[in-house]
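Work through the exercises below with the model open beside you. Try each task before reading its solution.

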Amino acid sequence: MEANFPIVVVAGIVTLLAVLACYALFVYSANSKREKRRLQINTLKSRARRIDETIACFPPNYLGTTLTRIIQHALIITYKELSELQPNQKKHKVHLQRANDDYLALSKQEDESKLDSLGSAGQIAGTRKNLNLLLKFFNQLSQNGALNHSKASKAELIIRNKLALLASDEFDIPAKNALADGKYQLAVHYFTQANTVLSKNNAGQVFNDNIRKHQEWIKSAREKAKVEQERIKAEKEAMEAELKNREDDGWKKKNVYD
């Protein structure tokens, strides 16, 4: 009996250690799940806040029906997840209902991806920044599977088209200023640069109208440049003729005097 005593003690110690190990593993697992849940909630809240703040910064109706509807769909997914993770938080349900209502209202409207031009350098810079934030947002949603690839790709295409139009707008502003100042050749240069940007990004033929419009502006500016060159040439010739007449008159008077 006494010989078996150390074996019993060792067995007890091993059992205790096993229990403690299991308990430590359980605690670690529970803490890990809590931490994972906390991070997930913070990520979802941050995502919803960022997207709400970003879309509020765009000019009215700039995003268009199609893109706005996809954004609302992404918000529905986000607030639904938050409501499941924090069922006692009423604000998540309020936000979810609002996103649902906005989505349903947009679903009754015709699909359209507006491509509005902007006329101020400051507005272009701010809009580009926010479009890139949206692009990053949809890219992340697509990668983590929160939004199906088709919707995310459609949103990304619309955003890239808007970014291309912004790049064109940046050339249009100095072009129109040059026109106003009568610098028609300079206007042709900037309008041509704008058209190059549009042509490079016209895979879906979305910029056909914009390209035609720029071609008309280029043609008009060239015609004005030609008229201006002819006017300058005529004025120069008139001045040279007048100067020659004065010189001839001077010689005649000198000859008479002599």
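**Exercise 1. Find which residues of α2 meet which residues of α4, and sort the contact by class.**

Solution. Start with the definitions. Helices (H or I, at least four residues) and strands (E, at least two) are DSSP runs, numbered from the N terminus. Contact means heavy atoms within 4.5 Å. Now list the pairs of faces. From α2 come Leu67, Ile70, Ile71 and Ala74. From α4 come Leu134, Phe137, Phe138 and Leu141. Sort them: Ala, Val, Leu, Ile, Met, Phe, Trp, Tyr, Cys and Pro are nonpolar, Asp, Glu, Lys and Arg are charged, and the others, Gly among them, are polar. The contact of α2 with α4 has eight nonpolar, no polar and no charged residues.

The model is predicted: local features need pLDDT of at least 70, side-chain atom pairs count only at pLDDT 80 or more, and totals for chains, interfaces and linings use all residues. Residues are numbered from 1 along each chain as its sequence is written, and side-chain values use heavy atoms, with hydrogens and water left out.

**Exercise 2. Describe the geometry of the α2 and α4 packing.**

Solution. Axes are lines fitted to C-alpha atoms, for helices over the stretch in contact, and angles run from 0 to 180 degrees between N-to-C directions. The axes of α2 and α4 lie 12 Å apart, at an angle of about 50°. Apply the classes: under 35 degrees is roughly parallel, over 145 roughly antiparallel, 65 to 115 roughly perpendicular, and the rest oblique. The two helices, α2 and α4, are therefore oblique to each other. Next, handedness. A crossing is left-handed if the near helix is turned anticlockwise from the far one by less than a right angle, and right-handed if clockwise. The crossing of α2 and α4 is left-handed.

**Exercise 3. Repeat the analysis for α2 and α5.**

Solution. Helix α2 covers residues 64-85 and helix α5 covers residues 149-180. Their axes come within 10 Å and cross at roughly 135°. That makes α2 oblique to α5. This crossing is left-handed. On the α2 side, the contact uses Thr66, Leu67, Ile70 and His73. On the α5 side, it uses Lys151, Lys154, Ala155, Ile158, Ile159 and Lys162. By class, the contact of α2 with α5 has five nonpolar, two polar and three charged residues.

**Exercise 4. Which elements build the largest nonpolar core?**

Solution. Two definitions first. Buried means under 20% relative accessible area, exposed over 50%, and partly exposed in between (1.4 Å probe, protein chains only). A nonpolar core is a set of buried Ala, Val, Leu, Ile, Met, Phe, Trp, Tyr and Cys residues joined through side-chain atoms within 4.5 Å. The largest core has 35 residues. Leu63, Leu67, Ile71, Leu131, Leu134, Phe138 and Ile159 touch the most other members. Two or more residues come from each of α1 (5-56), α2, α3 (90-107), α4 (121-143) and α5. α2 gives the most, with 10 residues. Then take Phe138. Leaving aside neighbours within four places in sequence, Phe138 is in contact with Leu67, Ile70, Ile71, Leu147, Ala152, Ala155, Glu156 and Ile159. Another core, of seven residues, lies apart from the largest one. Its members include Ala175, Ala178, Val188 and Phe191.

**Exercise 5. Is Leu44 buried or exposed?**

Solution. Leu44 lies in helix α1. It counts as buried because its relative accessibility is 2%. Beyond four places in sequence, Leu44 touches Thr78, Glu81, Leu82 and Leu85.

**Exercise 6. Examine Asn61 and Gln205, two residues with positive phi that are not glycine.**

Solution. Most residues other than glycine have a negative phi, and most peptide bonds are trans. Asn61 has a phi of about 65°. Asn61 lies in the loop between α1 and α2. At 60% relative accessibility, Asn61 is exposed. Gln205 has a phi of about 60°. Gln205 sits in the loop between α6 and α7 (208-257). With a relative accessible area of 47%, Gln205 is partly exposed.

**Exercise 7. How many helices and strands does the chain have?**

Solution. The chain has seven helices and zero strands. Of its 258 residues, 30% are buried.
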